[in-house]
Amino acid sequence: MTGVWTSIARGAVGAVVATAVMGGLSGTARAAGAEAPRGDWSYMVGGGAAYVPKYEGAKTMKVAPVPLVDVTWKDTVFLGAKGLGAKTTLFDHLTLGGSVGYQAGRKEKDHSRLKGLGDVKDAAAGSLFASYGLGIVSFDLSATKDFGGSNGLTVNAGLGLSYPVTERLSLTSGVSATWADERHMRANFGVSAAQAKASGLAAYKAESGIKRFDVTVGANWMVTESWFVTANGGVGILTGDAKKSPVVVEKIQPMAMVGVGYRF
């Protein structure tokens with residue numbers, strides 16, 4: 001399971017929660033019997049709330065609104081958490097695709113720890129992704145390039161499970177690792193000499209590498225044939241140069257969300 005939920009939190013925090021949400025929507029569709037013909041178009045609309053760190057590496061948390069929107073045409077063209085994109089399935093198990101979307105930046109005013117570091121600007125983002133499913137197990141790989149903001153590249157690899165408990169209830173879980181290039185790391189975790197002088201933090205040069213590992217779990221309940229409730233939670237652990245950054249207050253990054261929606 002992969003995805004991007006970048007309007008909620010910067011970088012991998014957004015990505016990981018998006019993974020949980022999209023896994024929840026997929027589990028909901030399966031629990032509802034999505035195999036039944038519904039025409040060329042399918043829709044999911046809804047919303048919820050997420051409890052996430054104020055920025056990647058923060059200890060303090062925030063509550064943020066979560067739009068749950070997914071529009072798909074012939075299971076090929078989609079608009080949703082990953083942005084606008086297209087996908088194709090090969091050999092019944094392998095799905096390949098790409099999308100363009102929005103990558104939220106990080107504002108200096110978001111937290112006192114960021115004072116003097118300046119903003120990481122919002123950006124357009126382009127992603128390529130692949131998923132290989134075997135029953136309840138999926139293996140996922142995605143690469144996302146920011147055009148603007150950090151101009152960085154991140155790669156996420158994960159393993160997901162989706163288990164139907166009953167016809168209306170499904171459970172999901174996943175583990176993943178995120179690698180980031182030098183541009184992404186320096187924009188989000190580095191402190192230049194000028195920033196050190198303005199912020200009071202020690203100067204720090206962050207290099208490319210695996211920046212975090214994440215675990216997510218979720219539950220998805222079809223209240224009726226169309227209405228669903230989804231709940232997801234997880235924890236991320238910052239590692240490598242990200243963990244050592246003076247920008248980071250807490251390396252353990254928890255997250256949780258609940259939402260309700262309607263599919264038709």
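This is a guided tour of one protein model, stop by stop, for you to follow in your viewer.

**Before you start**

The model is predicted, so local features are described only where pLDDT is at least 70 and side-chain atom pairs only at pLDDT 80 or more, while totals for chains, interfaces and linings use all residues. Residues are numbered from 1 along each chain as its sequence is written, and side-chain values use heavy atoms, with hydrogens and water left out.

**Stop 1: the whole protein**

Show everything as a cartoon. You should find 4 helices and 12 strands. Helices (H or I, at least four residues) and strands (E, at least two) are DSSP runs, numbered from the N terminus.

Now switch on the surface. The protein exposes about 12,300 Å², and carbon and sulfur atoms supply 64% of that area. Accessible areas come from the Shrake-Rupley method with a 1.4 Å probe, and for residues only the protein chains shown count as cover. Of the 264 residues, 46% count as buried. Here, buried means under 20% relative accessible area, exposed means over 50%, and partly exposed lies in between (1.4 Å probe, protein chains only).

How far apart in sequence are the residues that touch? Among contacts between residues at least 6 apart in sequence, 59% join residues at least 24 apart. A contact means heavy atoms within 4.5 Å.

**Stop 2: the barrel**

Colour the strands and follow them round from β1. The 12 strands close into a barrel in the order β1-β2-β3-β4-β5-β6-β7-β8-β9-β10-β11-β12, with antiparallel pairing. Neighbouring strands of this sheet are turned by 20° against each other on average, direction ignored. Those angles use axes that are lines fitted to C-alpha atoms (for helices over the stretch in contact), and angles run from 0 to 180 degrees between N-to-C directions. Two strands pair if DSSP finds at least two bridges between them.

Next, select β1 (residues 41-53) together with β12 (residues 252-263). These two strands pair in the antiparallel sense over 8 bridges. Pick G47 and look across: V260 in β12 stands opposite.

On the other side of your selection, add β11 (227-238). β11 and β12 run antiparallel and are joined by 11 bridges. Here G234 stands opposite M255 in β12.

For another pair, select β5 (residues 94-103) and β6, which pair in the antiparallel sense over 10 bridges. Click on Y102 to find its bridge partner in β6, A124.

**Stop 3: two faces of β12**

Keep β12 selected and show its side chains. Which residues make the covered face? They are Q253, M255, M257, G259, G261 and R263. The uncovered face holds I252, P254, A256, V258, V260 and Y262.

**Stop 4: a nonpolar patch**

Select Y132, L134, F139, L159, V175, V215, V235, I237 and I252, which make a nonpolar surface patch of about 700 Å². Patches are made of residues with over 30% relative accessible area and no salt bridge: like charges are joined within 9 Å, and nonpolar side chains (Val, Leu, Ile, Met, Phe, Trp, Tyr) within 5 Å.

Strands β6 (123-134) and β11 each supply at least two residues of this patch. Zoom in on I237, which is found in strand β11. I237 is partly exposed, with a relative accessible area of 40%.

**Stop 5: charges around R186**

Go to helix α2 (residues 182-189) and select R186. R186 is partly exposed, with a relative accessible area of 34%. Leaving aside neighbours within four places in sequence, R186 is in contact with K205, A206 and E207.

Now show the salt bridges, where a side-chain nitrogen of Lys or Arg is within 4 Å of a carboxyl oxygen of Asp or Glu. By this rule the count comes to 7.

R186 meets E182 in a salt bridge (3.3 Å, N to O). Being 4 residues apart in helix α2, R186 and E182 are separated by about one helical turn. E182 is partly exposed, at 33% relative accessible area.

R186 also meets E207 in a salt bridge (3.8 Å, N to O). This pair links distant parts of the chain, as E207 sits in the loop between α3 (193-199) and β10 (209-222), 21 residues from R186. The C-alpha atoms of R186 and E207 are separated by 7.0 Å.

Finally, click on K205, whose side chain forms a salt bridge with E207 (3.6 Å, N to O). K205 is exposed, with a relative accessible area of 54%. For a last selection, try E56, K211, R212 and D214, which salt bridges with shared partners join into one network.
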